[in-house]
Amino acid sequence: MDEWLYSDVVKEHFMNPKNVLMGEESEWPCDGRGIVGNIQCGDQMLILLRIKDDVIQDIRWKTYGCASAIASTSILSEAVKGMKIQEAYKLRPQDIVARLGGLPPNKIHCSVLGDKALRSAIDDYLSKNGKPSLSGQEQVEVICTCLNVTDRDLEEAYKAGDRTWEDLQSRTKIGTGCGQCKKRAMEKMHEFEHLYGK
């Protein structure tokens, strides 16, 4: 039998996930709802939040995806309880992966659903309550240090229809300096494919 490639923390959160939404969504009234992902790629996530005084009191979730996606959402759900929404909004996939004790490189994209679904649920709560958006306060990753191209720039490019390295270069000029960012840029494009579909 192949060796288990995941940490004990991942194994625990996959085998015994915390705060899973049991039953129908309508049976768990919430203050904020976020759903992200693309079921065609196999990953989709729903997060429901109960919030009081801008503090996350409780959370429930459903994820359609692999062990990494399930474990990532489970540990995220534990981490944000009792957290102010302003702090939770800034959580990054790297924070989730670190709490899991790492993930295999080809599974890192599974952790991006959690922070995006969480932000979507917080955005929903803020909108319903007439509060100002926190959009733009999330952490960004600089992909191309030569030209200061961020993961947010690449996400916007993906949404605009860019799929290839050449598409990205045409839109953002990424990689026209030293070119060392190509690998990470294409990893991010793979993540966006899982989020938004082809």
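A residue is called exposed when its relative accessible area is over 50%, buried when that area is under 20%, and partly exposed in between. In this predicted model, Asp-53 has a relative accessibility of 62% and therefore counts as exposed.

**Overall architecture**

The protein contains 8 helices and 5 strands. Their order along the sequence is α-β-β-β-α-α-α-α-β-β-α-α-α. Of its 198 residues, 46% are buried. The exposed surface amounts to about 10,100 Å², and carbon and sulfur atoms supply 48% of that area. When contacts between residues at least 6 apart in sequence are considered, 60% of them join residues at least 24 apart.

**Helix H2**

Helix H2 covers residues 67–80, which is 14 residues. From its first C-alpha to its last it reaches 20 Å, close to the 20 Å expected at 1.5 Å a residue. Because 13 of the 14 residues of H2 are buried, this helix is largely enclosed by the rest of the structure. Just after H2, Gly-82 adopts a positive phi of about 85°.

**Positive phi outside glycine**

Two residues other than glycine also have positive phi values: Asn-19 and Asp-53. Each is placed in a loop, Asn-19 between helix H1 (8–15) and strand E1 (32–38), and Asp-53 between strand E2 (43–52) and strand E3 (55–64). The table sets out their backbone angles and accessibility.

| Residue | Phi | Relative accessible area |
|---|---|---|
| Asn-19 | Asn-19: near 65° | Asn-19: 12%, buried |
| Asp-53 | Asp-53: near 55° | Asp-53: 62%, exposed |

**The aromatic pair and its surroundings**

The count of aromatic pairs comes to 1. This pair is formed by Tyr-158 and Phe-192, whose ring centres lie 6.2 Å apart with an angle of 55° between the planes, a tilted arrangement. Tyr-158 belongs to helix H6 (residues 151–159) and Phe-192 to helix H8 (residues 182–196), so the pair ties together parts that are 34 residues apart in sequence. Both Tyr-158 and Phe-192 are buried.

Tyr-158 has a further partner in Arg-163, which lies over the face of the tyrosine ring at 3.5 Å from the ring centre. A second arrangement of a charge over a ring involves Arg-119, whose charged end sits over the ring of Tyr-89, 6.0 Å from its centre.

Glu-155 is also located in helix H6. With a relative accessible area of 10%, Glu-155 is buried. Leaving aside residues up to four places away in sequence, Glu-155 touches Lys-116, Phe-192 and Tyr-196. Phe-192 is thus a contact of Glu-155 as well as the ring partner of Tyr-158.

**Arg-171 in helix H7**

Arg-171 is situated in helix H7 (residues 165–172). Its relative accessibility of 46% places Arg-171 in the partly exposed class. Apart from residues up to four places away in sequence, Arg-171 touches Ala-157, Ala-160 and Asp-162. With Asp-162 there is a polar contact between the two side chains, at 2.5 Å. The C-alpha atom of Arg-171 is separated by 9.3 Å from that of Leu-154, a residue 17 positions away along the chain.

Definitions and conventions. Residues numbered from 1 in each chain as written. Predicted model: local features only at pLDDT ≥ 70, side-chain atom pairs only at ≥ 80, totals over all residues. Heavy atoms only, no water. Phe/Tyr/Trp six-rings, centres within 6.5 Å; stacked < 30°, edge-to-face > 60°. Helix = DSSP H or I, 4+ residues; strand = E, 2+ residues; numbered from the N terminus. Buried < 20%, exposed > 50% of the residue type's maximum accessible area, 1.4 Å probe, protein only. Lys NZ or Arg CZ within 6 Å of the ring centre and 35° of its normal. Expected span 1.5 Å × (residues − 1). Contact = heavy atoms within 4.5 Å. Areas by Shrake-Rupley, 256 points an atom, 1.4 Å probe, with all protein chains shown as cover. Polar contact = N/O pair within 3.5 Å; in protein donor to acceptor, adjacent residues only side chain to side chain.
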